[in-house]
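Student: I would like to go through some terms with the model in view. Please show it.

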Amino acid sequence: MSAFFSPFISKSDSVSAIMLKVILALIPGIAIYVWYFGPAILVSITLASITALAVEAAMLNLRNRPVMPFLKDNSALLTAWLIALSIPPLAPWWLVVVGTAFAIAITKHLYGGLGNNPFNPAMIAYAVLIVSFPVPMTHWVAPLHMGGAELNFMQQLHYMFAGALPDGIKLDAVSMATPLDTLKTQLHLAHPVSEILTQPIFGSLAGHGSEMVAIGFLIGGLYLLATRIISWHLPVAYLGTLFLIAGAFHLYDPVHYVQPMFHWFSGAAMLGAFFILTDPISSPTTHTGKLIFAAGAALLTYLIRVFGAFPDGMAFAVLLMNICVPLIDAYTQPKVFGKKDSAA
């Protein structure tokens with residue numbers, strides 16, 4: 001009978017179990033990604049995973065650390081999946097390898113390995129790739145049945161590894177600008193938002209196909225919240241702030257500023273809110289700090305999207321806020337019980 005009254009302390013999940021659950025939460029979004037854009041993303045995920053594990057093992061050997069315990073913690077694998085999901089699915093194989101290797105070797109192990117990196121490795125990889133190789137980083141595959149031509153799996157594979165398309169097919173026929181990029185370009189041409197959103201690339205909420213992928217990541221994020229792998233502070237503060245800022249601009253000038261739901265379901269907003277901002281290593285440790293961190297990332301995301309040079313500002317917003325984490329933690333730590341203020 002005492003079992004009904006005694007307190008219980010549940011054993012916390014191991015790092016490997018937590019990382020595995022986060023990886024599993026990505027599957028709904030990936031499945032929808034394959035449905036709308038073809039299976040090339042699976043090749044990128046596989047390449048990134050192999051590269052991440054190989055570089056992780058090599059760096060651990062160089063640092064004279066045990067290899068298998070760290071390979072089994074699934075942290076390198078999660079980084080690989082996030083990198084693959086952040087770059088175009090038809091990106092050449094070497095782009096995936098370079099970005100993943102840089103994230104693991106430089107961003108993670110140069111700072112001492114898991115638990116010591118101040119920056120999000122996946123976002124560092126994206127930033128390095130978009131700055132160093134801007135052209136291949138803009139070749140996003142068109143949703144199925146929307147491009148001038150469609151590639152089967154073998155043709156996608158051949159393009160990724162050999163850089164060659166079937167005779168008579170040009171890259172422009174199988175790729176297109178992202179919804180965010182299209183919106184920004186058309187606004188610069190003085191087209192009103194209401195006219196821009198009538199183009200076939202746009203769906204009910206944001207971009208055709210990409211909005212459904214975002215919903216898939218939202219489903220995965222809700223699973224992480226339900227299983228308490230992540231707390232509500234970061235995703236709610238990020239999405240809430242992004243909604244408020246976008247809503248304010250839209251109310252001020254609906255002709256030139258799109259409604260807030262578009263920003264929720266475009267680009268990497270959902271992926272970032274639930275899977276990137278919530279990285280426990282590069283985000284604040286206090287609840288108040290998490291709210292400040294996520295709100296700042298949302299503000300920077302919107303400013304870069306609307307007024308900056310890049311169509312999606314998620315990666316740069318996260319990295320800029322990563323710089324602020326030590327300061328945020330320093331000013332949001334609760335007072336030690338019983339300790340008097342120096343002023344007193």
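**Terms and values**

Student: Why is G112 called partly exposed?
Tutor: G112 has a relative accessible area of 27%. Buried means under 20%, exposed over 50%, and partly exposed in between, with a 1.4 Å probe and protein chains only. The value of 27% lies in between, so G112 is partly exposed. This is a predicted model, where local features need pLDDT of at least 70, side-chain atom pairs count only at pLDDT 80 or more, and totals for chains, interfaces and linings use all residues. Residues are numbered from 1 along each chain as its sequence is written, and side-chain values use heavy atoms, leaving out hydrogens and water.

Student: Why is D312 called buried?
Tutor: Its relative accessible area is 13%. That is under 20%, so D312 is buried.

Student: What does D312 touch, not counting residues up to four places away in sequence?
Tutor: D312 touches L180, G267, A268, T301 and R305, where contact means heavy atoms within 4.5 Å.

Student: What makes the link from the side chain of D312 to the backbone nitrogen of A268 a polar contact?
Tutor: The distance is 2.8 Å. A polar contact is a pair of N or O atoms within 3.5 Å; within protein, one must be able to donate a hydrogen and the other to accept it, and residues adjacent in sequence count only if both atoms are side-chain atoms. The value of 2.8 Å is within that cut-off.

Student: How do you know that W94 is partly exposed?
Tutor: W94 has a relative accessible area of 33%, which is between the two cut-offs.
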